[in-house]
Amino acid sequence: MLQRASLMTEGPRLCGNDWVFQQDNAAVHNACLTKEFFQENNITLLDHPACSPDLNPIENIWGWMAREVYKNGHQFQTVDALREAIFNTWSNVPTSLLETLASSMPKRLFEVINKNGGATHY
């Protein structure tokens, strides 16, 4: 998934050459293969405590994708059809959505600081 996510092109394009990747510390994100991928590709990770509020804008993208995949009440007859819809939707995430979410990070962090690590409206 990480190899298909265009991190190496979209990270610098959206955030500049000194970009930092953010993820929570869920077990799947701490797998050896995941850590090796980031090391081998010289991707800097934001230090993100396991129990911190969810600041990761990918959650917003997942929500957008779910609405797109199932819009107009669309139901899928097979797993393959659902998989295809998910991959097509992932391939068509609007650049404007990515840019908006990336530019929201300072506000997100500021709100978490102001709430002493408590829940935010994001």
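**View 1. Polar contacts and the salt bridge between domain 1 and domain 2.** Across the interface of domain 1 and domain 2, 0 residue pairs are found in polar contact, counting pairs with both residues at pLDDT 80 or more; a polar contact is a pair of N or O atoms within 3.5 Å, one able to donate a hydrogen and the other to accept it, and residues adjacent in sequence count only if both atoms are side-chain atoms. On the side of domain 1 that touches domain 2 there are 4 nonpolar, 4 polar and 3 charged residues. The count of salt bridges between the two domains is 1. A salt bridge (a side-chain nitrogen of Lys or Arg within 4 Å of a carboxyl oxygen of Asp or Glu) joins Glu99 and Arg13 at 3.9 Å, N to O.

The model is predicted: local features need pLDDT of at least 70, side-chain atom pairs count only at pLDDT 80 or more, and totals for chains, interfaces and linings use all residues. Residues are numbered from 1 along each chain as its sequence is written, and side-chain values use heavy atoms, without hydrogens and water.

**View 2. The largest nonpolar core.** Six residues form this core: Leu7, Trp19, Phe21, Phe37, Phe38 and Ile43. A nonpolar core joins buried (under 20% relative accessible area, 1.4 Å probe, protein chains only) Ala, Val, Leu, Ile, Met, Phe, Trp, Tyr and Cys residues through side-chain atoms within 4.5 Å.

**View 3. A second, separate core.** This core has 5 residues, among them Ile61, Trp64, Met65 and Val93.

Notes. Nonpolar A, V, L, I, M, F, W, Y, C, P; charged D, E, K, R; others polar. Buried < 20%, exposed > 50% of the residue type's maximum accessible area, 1.4 Å probe, protein only.
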